[in-house]
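Dear colleague,

Please find below the structure that I am handing over to you. My findings follow it, and I would be grateful if you read them with the model open beside you.

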Amino acid sequence: MNSAARSVWNVFKRSSQGVDPVSHGHHHRQEQWRGIRVKVFNGNLESALTFMQRKMQSSGIERMIKREQTHHIKNSEKRVLARKNLERIIKSQDLARKLKAILSKKVRGL
């Protein structure tokens, strides 16, 4: 079982476990998990796996699994990720500002 299939299996195991809201006085946040159902025809597991992989990519479950970190991230990696995220946000804001300026000029007829 490869790592992607193992992580999908863990996601499905978590979604099938019920959350007990009154266990030992702790309040649990019930999370909503999306699931994928794939039918296996004539025992053809390979085609079912490829179909499941395509469905995972299109539905965004694969991104959700990658985003869920299970290992330690070094501080240097955190700084690099934070810097890239900040650059992405600044670039997006800059593009939005330019687009707003262009649209306001079009509305004014300049």
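I begin with R83, a residue that is partly exposed, at 45% relative accessibility. Please keep in mind throughout that this is a predicted model. R83 has a partner: it forms a salt bridge with E87, and the closest N and O atoms of the two are 3.5 Å apart. Like R83, the partner E87 counts as partly exposed, here at 44% relative accessibility. Why can these two residues be found on neighbouring turns? R83 and E87 are four residues apart in helix α4 (residues 75–108), so about one helical turn separates them.

**Further salt bridges**

The structure holds three salt bridges in total. Another of them joins the side chains of D94 and R97, with an N to O distance of 3.8 Å. Both residues belong to helix α4, where they lie three residues apart, about one turn of the helix. D94 is partly exposed, with a relative accessible area of 30%, whereas R97 is exposed, its relative accessible area being 53%.

D94 also forms a salt bridge with K98, and here the closest N and O atoms are 3.7 Å apart. Because K98 and D94 are four residues apart in helix α4, they too are separated by about one helical turn. K98 has a relative accessible area of 47% and is partly exposed. Taken together, D94, R97 and K98 are linked in a network of salt bridges.

**The chain as a whole**

The secondary structure of the protein chain consists of four helices and zero strands. Read from the N terminus, the order of elements is therefore α-α-α-α, given that helices and strands are numbered from that end. The chain has 110 residues, and 11% of them count as buried. It exposes about 10300 Å², of which carbon and sulfur atoms supply 55%. Among contacts between residues at least 6 apart in sequence, 38% join residues that are at least 24 apart.

**The nonpolar core**

In soluble globular proteins, nonpolar side chains tend to be buried together. Which residues make up the largest nonpolar core in this model? There are six: I36, M52, M56, I61, M64 and I65. Two elements, α2 and α3 (61–67), give two or more residues each to this core. The largest share comes from α3, which provides three residues.

**A nonpolar patch on the surface**

Nonpolar residues are found on the surface as well: V40, L45 and L49 form a patch there, with about 260 Å² of accessible area together. L49 is found in helix α2 (residues 45–59). Is L49 buried, exposed or partly exposed? With a relative accessible area of 39%, L49 is partly exposed. A residue must have over 30% relative accessible area to join a patch, so L49, at 39%, passes this cut-off.

When you go through the model yourself, I suggest the order used here. Start at helix α4 with the bridge between R83 and E87, and go on to the network of D94, R97 and K98. After that, turn to the core to which α2 and α3 contribute, and finish with the surface patch of V40, L45 and L49.

With kind regards

Notes. Residues numbered from 1 in each chain as written. Predicted model: local features only at pLDDT ≥ 70, side-chain atom pairs only at ≥ 80, totals over all residues. Heavy atoms only, no water. Patch = residues over 30% accessible without salt bridge, like charges linked within 9 Å, V, L, I, M, F, W, Y side chains within 5 Å. Areas by Shrake-Rupley, 256 points an atom, 1.4 Å probe, with all protein chains shown as cover. Salt bridge = Lys/Arg side-chain N within 4 Å of Asp/Glu carboxyl O. Buried < 20%, exposed > 50% of the residue type's maximum accessible area, 1.4 Å probe, protein only. Contact = heavy atoms within 4.5 Å. Core = buried A, V, L, I, M, F, W, Y, C linked by side-chain atoms within 4.5 Å.
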